[in-house]
Amino acid sequence: MPEILSAHAKINLCLHITGRRADGYHELESLFVPVPGLADSLEMSPALRGTGCRVEPALPDCPQERNLVHRAWTAYAKATGFAPDVLVRLTKRIPTGAGLGGGSSDAAAMLRWLQGKAGAAALTPSKLNALAASIGADVPFFLLSGPALAEGIGEKLTLVALDLSAFTLVLAMPAAHISTPWAYAAHDALDPLKNPVSLGMDGLTSTRTANKRRVSLSPVVARNDFEVVVFPANGALRVIKEQLFRLGAACAVMSGSGAAIAALFRDTGLAQKAAEAVRLNGVTVHVEAL
């Protein structure tokens with residue numbers, strides 16, 4: 001019988017670009033929050049001996065070897081020697097190019113599946129985290145369970161005790177596709193004197209409890225450094241964010257490098273009305289109690 005894996009989305013409630021390393025990678029500080037109700041699914045079935053990993057259906061403009069699920073399988077096989085023959089039927093519900101981590105989450109689901117079956121060949125947690133980071137900066141987060149503060153290129157993660165139970169998420173997912181490499185390049189090209197000073201993590205108050213940091217969220221934290229370059233090039237995204245504020249959002253922010261806009265509402269009724277209003281403009285919207 002096939003195994004069904006779930007690969008959920010994430011949002012960034014804060015994203016601060018702290019610098020660029022000599023190797024070209026960017027360092028950041030970001031608050032990652034899982035969105036369990038919005039998820040891709042991976043149906044894992046045994047494949048013919050010697051066929052390796054095959055992902056179906058093939059994604060547009062993405063050959064097998066570039067698919068993050070296939071890359072995760074290949075990287076794990078190289079690191080451990082464990083390379084089960086598997087057919088993966090991938091059902092996408094998380095839009096690509098939306099800043100929601102869909103591809104990274106799919107890759108992490110594959111890594112978790114392999115790790116659970118590798119037996120004595122399984123990697124230590126630190127080696128699995130390093131392997132995940134080599135596939136994509138967001139992949140390590142999806143190996144965790146719960147919100148986390150991300151630092152470095154995204155591989156340095158600290159679980160946080162973040163209570164968002166008073167909020168309802170309205171996640172607007174317009175059809176625009178934002179290239180992450182373009183967004184970073186555009187941000188690098190900014191004149192530092194004209195670029196507004198980033199607030200970073202200063203709006204987070206934190207204390208450590210056991211193995212987690214307890215953080216409190218205030219509207220000032222809902223800030224994304226990419227907005228300063230993405231919004232001028234994609235004005236419709238700014239319009240959606242402003243509309244969500246007018247409709248009663250406590251905070252609204254672009255997730256990742258875009259194009260999704262995440263808004264938190266204290267009133268569930270207002271959240272539902274806001275979602276319907278945004279849908280009237282042809283925008284896909286996901287609503288979820290956090």
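In this predicted model, C53 has a relative accessibility of 7% and therefore counts as buried, the cut-off being under 20%. A second cysteine, C251, also has a relative accessible area of 7% and is buried. The number of disulfides in the model comes to 0.

The protein contains 7 helices and 13 strands. Of its 290 residues, 50% count as buried. Among the contacts with a separation of 6 or more, 73% are between residues 24 or more positions apart.

Helix α2 covers residues 102-117, which makes 16 residues. From the first C-alpha to the last, α2 reaches 23 Å, close to the 22 Å expected at 1.5 Å a residue. Of the 16 residues in α2, 12 are buried, so this helix is largely enclosed by the rest of the structure. The buried set consists of G102, S104, S105, D106, A107, A108, A109, M110, L111, W113, L114 and Q115. These residues pack against strands β1 (3-20), β2 (26-46), β3 (53-56) and β4 (86-91), and against helices α1 (68-80) and α3 (125-135). Just after α2, G119 adopts a positive phi of about 60°.

Helix α1 is made of 13 residues and reaches 18 Å between its first and last C-alpha, close to the 18 Å expected for it. Its buried residues are V69, H70, A72, W73, A75, Y76, A77 and T80. The cover over them includes strands β2, β3 and β4 as well as helices α2 and α3.

Two packed helices are described by the angle between their axes and the distance between the axes. For α1 and α2, the axes come within 8 Å and cross at roughly 35°. This crossing of α1 and α2 is right-handed. On the α1 side, the contact is made by L68, V69, A72, W73 and Y76. On the α2 side, G103, S104, D106, A107, M110, L111, L114 and Q115 take part. Several of these α2 residues also appear in the buried set of that helix, including S104, D106 and A107.

The loop between β3 and α1 holds E65. With a relative accessibility of 54%, E65 counts as exposed, because the cut-off for that class is over 50%. E65 lies 10 residues from V55 in sequence, and their C-alpha atoms are 9.7 Å apart in space. Leaving aside residues up to four places away in sequence, E65 touches H70 and R71. Of these two, H70 is one of the buried residues of α1.

Further along the chain, 4 strands form an open sheet in the order β11-β12-β7-β13, with antiparallel pairing. The edge strands are β11 (251-254) and β13 (284-289), each of which pairs on one side only. On average, and with direction ignored, neighbouring strands of this sheet are turned by 15° against each other. Strands of a sheet pair through backbone hydrogen bonds, either parallel or antiparallel.

Within this sheet, β7 (residues 168-173) and β12 (residues 261-265) pair in the antiparallel sense over 5 bridges. In this pairing, A172 has I261 of β12 as its bridge partner, and L171 stands opposite A262. Strand β12 is also joined to β11 by 4 bridges, and these two strands run antiparallel. Here A262 of β12 is the bridge partner of V253. The hairpin of β11 and β12 has 6 residues between the strands, and in it G256 takes a positive phi near 55°.

Of the 5 residues of β12, 5 are buried, so the strand is largely enclosed by the rest of the structure. Both of its faces are covered, with I261, A263 and F265 buried on one side and A262 and L264 buried on the other. Two helices lie across β12. Helix α6 (residues 235-246) lies across β7, β11 and β12 and runs at about 5° to β12. Helix α7 (residues 268-279) lies across β7, β12 and β13, running at about 170° to β13.

Conventions:
Residues numbered from 1 in each chain as written. Predicted model: local features only at pLDDT ≥ 70, side-chain atom pairs only at ≥ 80, totals over all residues. Heavy atoms only, no water. Expected span 1.5 Å × (residues − 1). Buried < 20%, exposed > 50% of the residue type's maximum accessible area, 1.4 Å probe, protein only. Contact = heavy atoms within 4.5 Å. Disulfide = S-S within 2.5 Å. Pairing = 2+ DSSP bridges. Axes fitted to C-alpha atoms, helices over the stretch in contact; angles between N-to-C directions. Left-handed = near helix turned anticlockwise from the far one by under 90°.
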